[in-house]
Amino acid sequence: MTVTDPALVQKTEEQNGRAKLMLEQLGKMGLEFDRNTGAVVPGEGVDVSSLPTSVALNGAADGQGRFYDAKEFEQVLEEADKNLRMAPADEKKPFAEKYKARDALETARVNIETKRCLAMIESSTPREKLVLAQRQVARIEYRLGTTALTVEEGSAKALEHLVVGAMPQFFGQDVADLVEKLEKEDGGSDPNLPQLSTALPLDEALDLLNTCGAANANREKFKLSVELLKAAERLYEVASAEDKSEMEDLHTQTLFFLAQTWGHLGDAGNSSLYCAKTTYRQLVMNVVLTADGKDLNVKETSLDVEDWTRNVMTLANYYASIGMHQQAEHCLQASAHLAAIFLKHADSPDTDFDVIGLRENMAQIDRKRAETYIGILNLCAETHMYKLAGVQTGDDEVAEQPKDLIVDYGAELPNLAQPAEFMKMNYKEIISAVSYDFARKIFLSANAALERALKFYEFDGFVTDHIDLCLIRASAYGRLSLLESDEKRKQAMQLKRVQAIEPIMEAGGINEEAYCGLLKTLVHEIGSAYMDMHELKSERIEGKIKKDPSYRIKVVEAKKMNDFAFSAMRYFTHFIKLYFNKTSMPKGFDLQDRSTWVKLCVAPGKVSVEADEILGYLGAHFKIARLLSKVVQDWEGEDLGKGRMVKALEGSFESFEYVVSLAEGLQASGEKEMKDKLEEGFKQQVELSREMARLLPVKISRVIQFNQQFLGAA
């Protein structure tokens, strides 16, 4: 005998009745219930954007689910948001609080969706209540999407919540369809989202667009990312002042994401523009100065000053690279000004920044300033050389620098210094102003900035930075000397160039393995300076001979020329030595013993040179060969310097032959990159080396037989 509970029978009948009515309602909507999967699917030709889940259907059939009134729903969101923002209580479970928030949100979503399913068969539910429920689900989906990114579930999962779940209610189904279509098309082709508005909270709508933009950028769909972020920017621009107060931080985030995404698209102009906008807003939103603008209100300031100054320095680099010197200088001055204000409070207990890191940023700012100035100094030197050669500079092709600043940090930083006058000049104005006096002003400004930077970047502790700064200073002396007409002052500048860097080598202590690349640059620069000094001296003597063919080189002149030549060769030889395999170096190796190391260079497997360095390596050999060919008789010793001169010429012959043989060997090796490098950058030197190797035996013979004096032929 079977006993049945009447209450249970009644409940089962109610469930079956609701299920039957629901299936009928689904049929009227063009939907079908798949009994195998428990899911609702659209019938043929039915366009449905959002289908109820099997969980919601089953819950509705059981009479479950509920709606939330506005106050109740805000409490659910408030509790979830609190958990989403909460720092992890257990480091081993970093997402525990976020999982708790997600569970609560999903419970609320299921409750609302289940009640919406039940409402399909209950005609008594007001439409306003259903619309409110849809919007509540959208706000939940938005949070579930952002949470998916936070807990590292991936951008695909996040976009499923954001685009499919939240966006239709936030911005309309047509926008959601377009975004989803473009997202599937790998970013789409020149997408253009319409002007957006929403009946839902604007701050959530803005964050939704930011999150979708960032998620698509992470999937390398940069075009779509830009369009979503531009839509977020427009949404902020049309918002009321009251609404904007809730959106300020999100708008800064929009600008930051746009700067990054334009960068990924290779659009440096737009990337820098949005970077400038971002840094300006960070200044406005996070820095509080005293009433006079000269000091910082430390307690109310929340700016990451180290990161900010680095970003503005990067902007300065970009502006300097496109000739916008005034904007570059302004960026550097703003960075230095703000850093200096912060450093006033280095010892304050309220400060929250790395004092040493910020001081290093200050040194970097001075370095960038010096490099920017020297960039203009280089332009002056090149213009001067073009004029001497009678060559047109092509200044018609260069865009003029805008007079107005793209971003003016001075509006938020009172007492900010004005850029140097030469930094306000555009390309054509600089070209027309080129003179030694003009270049000297630029050099002095650069040198002062380098001096400040070197006070921080001392050799002990900052080997690379210290040497780089010394090299920059040496280069500046070299460029300035090109505009000087007086030979003695020009020679003095070249000496200053040497003095800026040679003491580093004389002090020793630089590890060749750790700093090989830096050493190559250093010794090559010193060698080049001595070679330039030799050229200046040689030109002066040649000028005397031109005026008076009977003029005979004085002993002191010959000695000075040879000193310069052998000093240059010593450093070029050191440069070549840095390419030798360490195991190839014989004991007691002497850089001055040319015959030994030329043999080493020729021997297979003894020297290692990459394609991108072959021109520098061969160039050093070529320069040594030229310098050896210019060694003159200095009238010292028993033979009055004749033997030394002959030995130098023989060494020159060996070097020219080596340059030719190595170049020919590389050309025949089949290594395309090497061959291209030689063809583009060393063809003329090879031909000259071949010619000199043919002529030098005759010259050596004439020196031996007739004691003939030469200034050199190469």
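Mentor: Before we dig in, accessible areas here come from the Shrake-Rupley method with a 1.4 Å probe. Also keep in mind that this is a predicted model.

Trainee: Okay, how much accessible surface does the chain have, and what share of it belongs to carbon and sulfur atoms?

Mentor: Think of the whole chain, with its 714 residues, 47% of which count as buried. The accessible surface comes to about 36000 Å², and the share belonging to carbon and sulfur atoms is 49%.

Trainee: How many helices and strands does the chain have?

Mentor: Helices turn up early and late in the numbering: H5 covers 127-150, while H22 covers residues 555-577. The full tally is 27 helices and 2 strands.

Trainee: Among contacts between residues at least 6 apart in sequence, what percentage join residues at least 24 apart?

Mentor: Let's take one pair to get a feel for it. Tyr 409 and Tyr 280 are 129 residues apart in sequence, yet their C-alpha atoms are 6.6 Å apart, and the two residues touch. Across the chain, the share of such contacts joining residues at least 24 apart is 71%.

Trainee: Tyr 409 sits in a loop, between helix H15 (355-389) and helix H16 (427-433). Is Tyr 409 buried or exposed?

Mentor: Look at what Tyr 409 touches beyond its neighbours up to four places away in sequence: the list includes Trp 308, Val 312, Leu 315, His 330 and Cys 331. Its relative accessible area is 0%, and under 20% is the cut-off, so Tyr 409 is buried.

Trainee: Which residues touch the most other members of the largest nonpolar core?

Mentor: That core holds 96 residues, and Phe 422 is one of those with the most partners in it. Leaving aside neighbours within four places in sequence, Phe 422 contacts Tyr 373, Ile 376, Ile 430, Phe 438, Lys 441, Ile 442 and Ser 445. The residues you asked for are Cys 380, Phe 422, Ile 442, Ile 467, Leu 522 and Tyr 530.

Trainee: Here's one with a charge on it: Glu 233, in helix H9 (residues 222-237). Is Glu 233 buried or exposed?

Mentor: Not counting residues up to four places away, Glu 233 touches His 251, Thr 254, Leu 255, Leu 258, Tyr 274 and Lys 277. Its relative accessibility is 8%, so Glu 233 counts as buried.

Trainee: You mentioned Tyr 274 and Lys 277. How far is the charged end of Lys 277 from the centre of the Tyr 274 ring?

Mentor: There's another lysine like this, with Lys 244 over the face of Tyr 236 at 4.9 Å from the ring centre. For Lys 277 over Tyr 274, the distance is 4.7 Å.

Trainee: What kind of aromatic pair do Phe 256 and Phe 257 form?

Mentor: The structure holds 18 aromatic pairs. In this one the rings are 6.0 Å centre to centre, with 50 degrees between the planes. Stacked needs under 30 degrees and edge-to-face needs over 60, so the pair counts as tilted.

Trainee: And which residues do ring pairs link with Tyr 142 into a cluster?

Mentor: Each link in it is a ring pair, and rings pair if their centres lie within 6.5 Å. The partners of Tyr 142 in the cluster are Phe 170 and Phe 171.

Trainee: How many disulfides are there?

Mentor: Take Cys 275, whose closest cysteine sulfur is in Cys 331, 8.7 Å away. A disulfide needs sulfur atoms within 2.5 Å, so that is too far for a bond. The count of disulfides comes to 0.

Trainee: What is the phi of Glu 152, in the loop between helix H5 (127-150) and helix H6 (155-171)?

Mentor: Most residues other than glycine have a negative phi. Glu 152 has a positive one, and so does Glu 220, at about 60 degrees. Both are exposed, with relative accessible areas of 65% for Glu 152 and 59% for Glu 220. Phi of Glu 152 is near 65 degrees.

Trainee: Last one: how far apart are the C-alpha atoms of Asn 562 and Lys 630?

Mentor: Asn 562 is in helix H22, and its relative accessible area of 0% makes it buried. Lys 630 is 68 residues away along the chain, but the C-alpha separation is 8.3 Å.

Conventions
Residues numbered from 1 in each chain as written. Predicted model: local features only at pLDDT ≥ 70, side-chain atom pairs only at ≥ 80, totals over all residues. Heavy atoms only, no water. Lys NZ or Arg CZ within 6 Å of the ring centre and 35° of its normal. Helix = DSSP H or I, 4+ residues; strand = E, 2+ residues; numbered from the N terminus. Buried < 20%, exposed > 50% of the residue type's maximum accessible area, 1.4 Å probe, protein only. Contact = heavy atoms within 4.5 Å. Core = buried A, V, L, I, M, F, W, Y, C linked by side-chain atoms within 4.5 Å.
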